[in-house]
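Good morning, and thank you for joining this session. Please turn to the sequence and the structure as they come up on the screen.

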Protein chains: 4
Amino acid sequence: MALKCDVQYGKGSSGFKLTKVGVSGVRKPVLISRPGMTNPLNSVINCNIDIFVDLPAAQRGSHLSRNVEVLRMVADESTSKPVSSLESMAVDMVEKLLVKHEYAQNAYVKIKAEYFKANKTPSGRDTLEMYTLHAGAHGIRGGEIRKTIGVEAVGMTACPCAQETVGEMLGVEKPGFPMMSHNQRNVCSIILTTDVNQNIEVDDLIALAEKSVSTPTFELLKREDEGSVVINAHTNTRFVEDVVRNGLTLVVHNYSNLPDDTEVVVISDSQESIHKHNAYAERTATMGELREERAQNIPAL
Amino acid sequence: MALKCDVQYGKGSSGFKLTKVGVSGVRKPVLISRPGMTNPLNSVINCNIDIFVDLPAAQRGSHLSRNVEVLRMVADESTSKPVSSLESMAVDMVEKLLVKHEYAQNAYVKIKAEYFKANKTPSGRDTLEMYTLHAGAHGIRGGEIRKTIGVEAVGMTACPCAQETVGEMLGVEKPGFPMMSHNQRNVCSIILTTDVNQNIEVDDLIALAEKSVSTPTFELLKREDEGSVVINAHTNTRFVEDVVRNGLTLVVHNYSNLPDDTEVVVISDSQESIHKHNAYAERTATMGELREERAQNIPAL
Amino acid sequence: MALKCDVQYGKGSSGFKLTKVGVSGVRKPVLISRPGMTNPLNSVINCNIDIFVDLPAAQRGSHLSRNVEVLRMVADESTSKPVSSLESMAVDMVEKLLVKHEYAQNAYVKIKAEYFKANKTPSGRDTLEMYTLHAGAHGIRGGEIRKTIGVEAVGMTACPCAQETVGEMLGVEKPGFPMMSHNQRNVCSIILTTDVNQNIEVDDLIALAEKSVSTPTFELLKREDEGSVVINAHTNTRFVEDVVRNGLTLVVHNYSNLPDDTEVVVISDSQESIHKHNAYAERTATMGELREERAQNIPAL
Amino acid sequence: MALKCDVQYGKGSSGFKLTKVGVSGVRKPVLISRPGMTNPLNSVINCNIDIFVDLPAAQRGSHLSRNVEVLRMVADESTSKPVSSLESMAVDMVEKLLVKHEYAQNAYVKIKAEYFKANKTPSGRDTLEMYTLHAGAHGIRGGEIRKTIGVEAVGMTACPCAQETVGEMLGVEKPGFPMMSHNQRNVCSIILTTDVNQNIEVDDLIALAEKSVSTPTFELLKREDEGSVVINAHTNTRFVEDVVRNGLTLVVHNYSNLPDDTEVVVISDSQESIHKHNAYAERTATMGELREERAQNIPAL
């Protein structure tokens, strides 16, 4: 039986265009394969995917099942043909969306996923640490596709101001070692949006985010490692503002190849131990703006 | 003892400006009083507040405690001097932030809160329904302050396409009453950002959001009310696209007084009963753009 | 029209009894009034309520709308007749449930709510701090009703072991002031279940939970207060195990009036700054068991 | 340097025993391999793990890093030696915990994980559906280890009472096809705890949970499949009570091999489309109790 229900093709009830129509919160495992990847534990990545197109005023409904078809085509087929990265998968989906939705001018894919990466504690022990990846793509019919790649790394910050205040209050200004301060979980995010030809590795972004905080953190710390993490944190005290500026400095320095119109977002979200709320800092800018500010301020303090 | 720690005033370690620095996730109860408000149960609103300013390249740290001072000043003092609305409170905070942070050019306040409103079931029973409010303000030093006011209403949608398909599959096209379909929770959001002189009531926005879905929902439904809600939903079947366009139509019609540069966001997020993921539609536009589209499309279907 | 649908009264499709049937996640504001309460900001408490009865094998459905009726009766009528506490409200609901559901042998009410309480920083500044309340009741037809009252307080712990390790690693064992350590948010919960005649004040429970951690935390800390909080935390270092045992000691000491069959739960959940996961400790016991252990161990270290 | 910090071995500050001490919220990918598993997409399972032991009154601190060592030993080594199931991994961890924590009498492991399973739509299309797994183990020194295995499946329920009421209100009692009703997402959980020798497959538990609701749901539904899902749901209308009793019936029927002391939990949590809150039903019982009730009630309606 050929079902005729084509109410989606009817005229929109009001004639307004829609910016984004699609499905959100689709859970999908994806098989990834890259040169040098040897750990089977991060070969499968469980993604949370939002996938949208725009809709012209003249059409009542978008065909939402086509979005899921695109998603299945790319993600499920990764089992036989693994994808090389989440952001290249997002670009592939955007291209397919613009073919399937012939009425759409824009296609959007947004992916969030948990990611595990091997690391070493200060004393050299092996650990496997958890990160959150952001990936995405936005394509315009007949125009460019831009891709997004980003990371969230949970690290630690110790406060420089409380450290100085405590020294003053105790009348101990130069004890020869770092004074106590408050310290806490700090989630540092670095997210880049640029053209599809650029190559950015998530492992590099994670390294930059972990250099931006007072110290990275670890799942397993035996005694001397725990001591080292605490000493490192109090030697490298950081405000949320410092974390973001460190991240910006590292991004500008490490991605000299990326074009000026690359969009850069760096965020530091500190789950303050002395408060029940968070401290937060963010910079959103183009690479060109950051390069200009950097040029004006060298040598920085 | 006068503590000297002024590391915040030191030069930024890299010379980058920061877009937003402040505190997030502060929980605050606020006492509200408006003409006609008689129910003590919505006189206190528990807010989740983010409060930020920008930071120039030349300064290392923002004074985060000043943000909390502003917050306390306005929210805690509402006990003796109740605020008239969350968005006017946000505007007040933005003004105070620009005074306290003499180095800032921008101040931002974002509030999310649970709100209860009396309603009637189809048969006229009293109920008290829950909504989520959005409020905020953004001020530029020496420039304008704009305020945001919005609502999220949980309602119900029934699908027009599945209804038609089912009729076809059963060979019953005109049964004289609505055919079964799938139906589900639908969260409809309407959010407006405009200048501080405009007056917008959240209760009106809630009414528009609840008219946009297939039917509003209720905490208490005795038998005949439950039947009415089901019949209403299946008589007014709606795609997520329809919900957004209904919301846009109602906003354009009801707010003819708002200026063309008012920013309008309408979202429909449908927690699909037939899928494990959601269906989603959104329009983001200025009131001027919407008025123009409306003019071109009258008479709409 | 008298609607006849009585499918709920039909025989259960399988003849199994059910332990709990009802509604969950109902949001309800409640007006509270107690002697000495002067701050209008905590006179309204937004509750999240689960409300259940059991169901005999012979009956197909419970009447869920009766649960909402009970809830409305008690909560909405608090506007004219404020309730004296959440746990007394839960007891009242359980009594009404057993009347309305004539077939039920058990009734259960569980409430979680955000609560604000005035506090003072170390230097005496006023603050308003946020806590989570737990309240509940369980009644058996023809038997006793027992009520539950509990609190979650977000405080701070500093680690005693890392503090000692750091001193050893730096070769500084007695610096004359507390050595740095890692510190973090610690959520301490104290929850008591006892008979309806006992009187327990949530403000007292909050005080015990805040004495159990290294230091309470505050929304607003100017410089000297921030220094004091850090010094206090590092002077009173605590493992999660210490936090729970401090809580147990305080509960046993402060509630000598409570009967031996009072159930006590104390939990410490530490959002470790040096790890991405949490450290956790819990004791679940009767007051009688705790009293016996206490007697055997006096004098404790 | 041999660090001497042994504060954990000091006497507990109060002499109270602790029920559970350990780490919670550890994220770990685990490589799984079972006969017949051919899809690489569910060979890696990202787990959320809580891992605890008890602590005697005489010891101040538990050695939390040993819990993470056990976790790493089993989970990370799954890369070279894949585990056969999450619950057997939990049993393995409990055994290792009792060796490492020589002072502990009890060890507890609790795992929650996302799981993907291939399925077919009514018309036979391939889909990949998402489920939540529960696994765990509890061991007593010198005694038995018991393991837990469970699933949460998101399906759909349609309400039998509203369906009948609507028919009455419209004066259409036997239309020859199912009348409209309200329908919604229903999360059905089936969780079994039994001795380590029993063999239970999660795929079987998922099948039982999906048979208990009105219809399973699917990621991709083209028109005729969507119609079939809607018709099936309205043909198999179910209260939350029915869902739980269906689950109990299927468990008793399918697991005649499991011993009488097997603990059974079946839950139905319905995200009501006509309300903003959920409807909920639960049965917690031993297999022996369920068998007895079943015997008394055959033939059930």
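I shall go through chain A, a pocket, several strands, and then three individual residues. Please keep in mind throughout that this is a predicted model.

Let me begin with chain A as a whole. Chain A contains seven helices and nine strands. Taken along the principal axes, its C-alpha atoms fill a box of roughly 85 × 45 × 40 Å. Of the 301 residues in chain A, 66% are buried. Among the contacts in chain A with a separation of 6 or more, 70% are between residues 24 or more positions apart. The area that chain A exposes is about 10,500 Å², and carbon and sulfur atoms supply 50% of that area.

Within this chain, consider helix H7, residues 287-297. Which residues of H7(A) are buried? They are Met287(A), Gly288(A), Leu290(A), Glu293(A) and Asn297(A). The cover over these buried residues includes helix H6 (240-254), strand E8 (263-270) and strand E9 (278-286) of chain A.

I turn now to the second largest pocket. Its space comes to about 1,000 Å³. The lining consists of 39 residues, and those nearest the centre are Lys20(A), Asp50(A), Phe52(A), Val109(A) and Lys110(A). By character, the lining residues of this pocket comprise 16 nonpolar, 13 polar and 10 charged.

The next topic is strand E5 of chain D, residues 145-158. How many of the residues of E5(D) are buried? The count is 14 of the 14, so E5(D) is largely enclosed by the rest of the structure. Both faces of the strand are covered. On one side the buried residues include Ile149(D), Val151(D) and Ala153(D), and on the other they include Arg146(D), Glu152(D) and Met156(D).

The pairing partners of E5(D) can be taken in turn. Strand E4 of chain D, residues 126-140, pairs with E5(D) in the antiparallel sense over eight bridges. Within that pairing, Gly150(D) in E5(D) stands opposite His134(D). The hairpin of E4(D) and E5(D) has four residues between the strands, and Gly142(D) in this hairpin takes a positive phi near 75°.

E5(D) also runs antiparallel to E6(D), to which 13 bridges join it. Two examples may help on the screen: Ala153(D) has Cys188(D) as its bridge partner in E6(D), and Gly150(D) has Ile191(D). A further antiparallel pairing, over two bridges, links E5(D) with strand E7, residues 215-216 of chain D. There, Met156(D) has Thr215(D) as its bridge partner.

Let us follow E6(D), residues 183-195, a little further. In E6(D), 13 of the 13 residues are buried, so this strand too is largely enclosed by the rest of the structure. E6(D) pairs in the antiparallel sense with strand E8, residues 263-270 of chain D, over eight bridges. In that pairing, Ile191(D) has Val265(D) as its bridge partner in E8(D).

Next comes strand E9 of chain B, residues 278-286. This strand is mostly covered, with seven of its nine residues buried. Which strand of chain A pairs with E9(B)? It is strand E1, residues 18-31 of chain A, in the antiparallel sense and over five bridges. Val23(A), for example, has Ala279(B) in E9(B) as its bridge partner. Within chain B, strand E8, residues 263-270, runs antiparallel to E9(B), with eight bridges joining them. Ser268(B) has Ala281(B) in E9(B) as its bridge partner.

Finally, I should like to point out three residues. Thr215(B) is found in strand E7, residues 215-216 of chain B. Is Thr215(B) buried or exposed? Its relative accessible area is 3%, which is under the 20% cut-off, and it therefore counts as buried. Leaving aside residues up to four places away in sequence, Thr215(B) touches Gly155(B), Met156(B), Val229(B), Asn232(B) and Ala233(B).

Val196(C) lies in the loop between strand E6 (183-195) and helix H4 (202-212) of chain C. Its relative accessibility is 35%, so it counts as partly exposed. Val196(C) and Arg146(C) are 50 residues apart along the chain, and their C-alpha atoms are separated by 5.7 Å.

Glu164(A), in helix H3 (residues 160-170) of chain A, is partly exposed, with a relative accessible area of 35%. Glu164(A) and Asp225(A) are 61 residues apart along the chain, and 25 Å separates their C-alpha atoms.

Thank you for your attention.

Terms used:
Residues numbered from 1 in each chain as written. Chains lettered and ligands numbered in written order. Predicted model: local features only at pLDDT ≥ 70, side-chain atom pairs only at ≥ 80, totals over all residues. Heavy atoms only, no water. Buried < 20%, exposed > 50% of the residue type's maximum accessible area, 1.4 Å probe, protein only. Pairing = 2+ DSSP bridges. 1 Å grid on protein atoms, 1.4 Å probe; cavity = no way out; pocket = protein on both sides within 12 Å on 5 of 7 lines; lining within 4 Å. Points joined across faces, edges and corners; volume = space filled by probe spheres on them. Nonpolar A, V, L, I, M, F, W, Y, C, P; charged D, E, K, R; others polar. Contact = heavy atoms within 4.5 Å. Areas by Shrake-Rupley, 256 points an atom, 1.4 Å probe, with all protein chains shown as cover.
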